[in-house]
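Q: I have a sequence and a set of coordinates on the screen, and I would like to learn how to read them feature by feature. Could you take me through the reading slowly?

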Amino acid sequence: MNKLDYQRLRERIGKAKTDASTSRSQLVNLIRRVSEAKLAEPGNVPANVVTMNSRVSVTNLYSGQTFALKLSYPELADPGQQQISILAPLATALLGSREGEVISLETPYGSVRFRIEHILYQPEAAGDLTL
């Protein structure tokens, strides 16, 4: 994770702790993900790693449906534009994962697996180091 994303996510986590609408279990998942991240300067993040503001193509391995989405900060999330908040379980699970990796997401109906098909856009790889 790049150091700028880390700082911004720590700020959002602090705000989310006081927001009653934020799922506590989801917040714990995000805190864990951020705390365990390896930090790097924005220009040193590998191009195959999902970062904040990345646009990725993923496949639901249960349904076979493939779709694209962008990891967004909560205040910039727009589901109509496929921009999901990092506070959403899928976004948290994708953060720090790599292209080609299969991730599991626990839902009330059981585990759902997703494969990261392609990173369509990653700010660091595109040279957008301050996004």
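**Reading a fold, one feature at a time**

A: Let us begin at a single position: Gln 82 is found in the loop between S2 and strand S3 (83–85). Please keep in mind throughout that this is a predicted model.

Q: What is unusual about the backbone of Gln 82?

A: The general idea is that most residues other than glycine have a negative phi. Gln 82, although it is not a glycine, has a positive phi of about 60°. As for its surroundings, Gln 82 counts as partly exposed because its relative accessibility is 36%, and that class lies between the 20% and 50% cut-offs.

Q: Which residue in the loop between H2 and S1 has a positive phi of about 70°?

A: That residue is Asn 53, which is likewise not a glycine and which lies in the loop between H2 and S1. Asn 53 has a relative accessible area of 8%, and therefore it is buried.

Q: How many helices and strands are there in the protein, and in what pattern do they follow one another?

A: Counting comes before ordering: there are 3 helices and 5 strands in the protein. Reading along the sequence, one meets them in the pattern α-α-β-β-β-α-β-β.

Q: How does one judge whether the overall dimensions agree with a compact globule?

A: One compares the radius of gyration with the value expected for the chain length: a compact globule of 131 residues would have a radius near 14 Å, and the protein has 14 Å, so the two agree. The C-alpha trace spans about 35 × 35 × 30 Å along its principal axes. Of the 131 residues, 37% are buried, and the protein exposes about 7200 Å², with 51% of that area supplied by carbon and sulfur atoms.

Q: What share of the contacts joins residues at least 24 apart in sequence?

A: Here one sets aside sequence neighbours and takes contacts between residues at least 6 apart; in the protein, 56% of these join residues at least 24 apart. A single pair can illustrate such a link in space: the C-alpha atoms of Val 45 and Ala 125 are 80 residues apart along the chain but separated by 7.8 Å. Val 45 itself lies in the loop between H2 and S1, and it counts as buried because its relative accessibility is 10%. Beyond four places in sequence, Val 45 touches Met 1, Asn 2, Ala 40, Thr 51, Gln 122 and Glu 124.

Q: Which residues touch the most other members of the largest nonpolar core?

A: In a core, one looks for the members with the most partners inside the set: among the 26 residues here, these are Leu 9, Leu 71, Ile 86 and Leu 94. The elements that give two or more residues to this core are H1, H2, strand S1 (55–60), strand S2 (66–72), helix H3 (89–94), strand S4 (102–107) and S5. Taking Ile 86 as the example, and leaving out residues up to four places away in sequence, its contacts include Leu 9, Leu 30, Met 52, Leu 71 and Leu 95, but also Gln 26, Ser 72 and Thr 92.

Q: Are Phe 114 and His 118 buried or partly exposed?

A: Position in a strand does not settle the matter, and each residue has to be read on its own value. Phe 114 lies in strand S5, and it is buried, with a relative accessible area of 7%. His 118 is in strand S5 (residues 110–121) as well, but it counts as partly exposed because its relative accessibility is 45%.

Q: What do Phe 114 and His 118 touch beyond their sequence neighbours?

A: With neighbours within four places left aside, Phe 114 is in contact with Thr 59, Asn 60, Leu 61, Phe 67, Leu 90, Glu 101, Val 102, Ile 103 and Leu 105. Under the same exclusion, His 118 is in contact with Arg 55, Val 56, Ser 57 and Glu 99.

Q: Where is Thr 22, and is it buried or exposed?

A: Thr 22 is in the loop between helix H1 (3–17) and helix H2 (24–36). A loop position can be read by the under-20% cut-off for buried residues; at 9% relative accessibility, Thr 22 therefore counts as buried. Apart from neighbours within four places in sequence, Thr 22 is in contact with Ala 16, Leu 27 and Leu 87.

Terms used: Residues numbered from 1 in each chain as written. Predicted model: local features only at pLDDT ≥ 70, side-chain atom pairs only at ≥ 80, totals over all residues. Heavy atoms only, no water. Helix = DSSP H or I, 4+ residues; strand = E, 2+ residues; numbered from the N terminus. Buried < 20%, exposed > 50% of the residue type's maximum accessible area, 1.4 Å probe, protein only. Contact = heavy atoms within 4.5 Å. Core = buried A, V, L, I, M, F, W, Y, C linked by side-chain atoms within 4.5 Å. Rg over C-alpha atoms; globule rule 2.2 N^0.38 Å. Areas by Shrake-Rupley, 256 points an atom, 1.4 Å probe, with all protein chains shown as cover.
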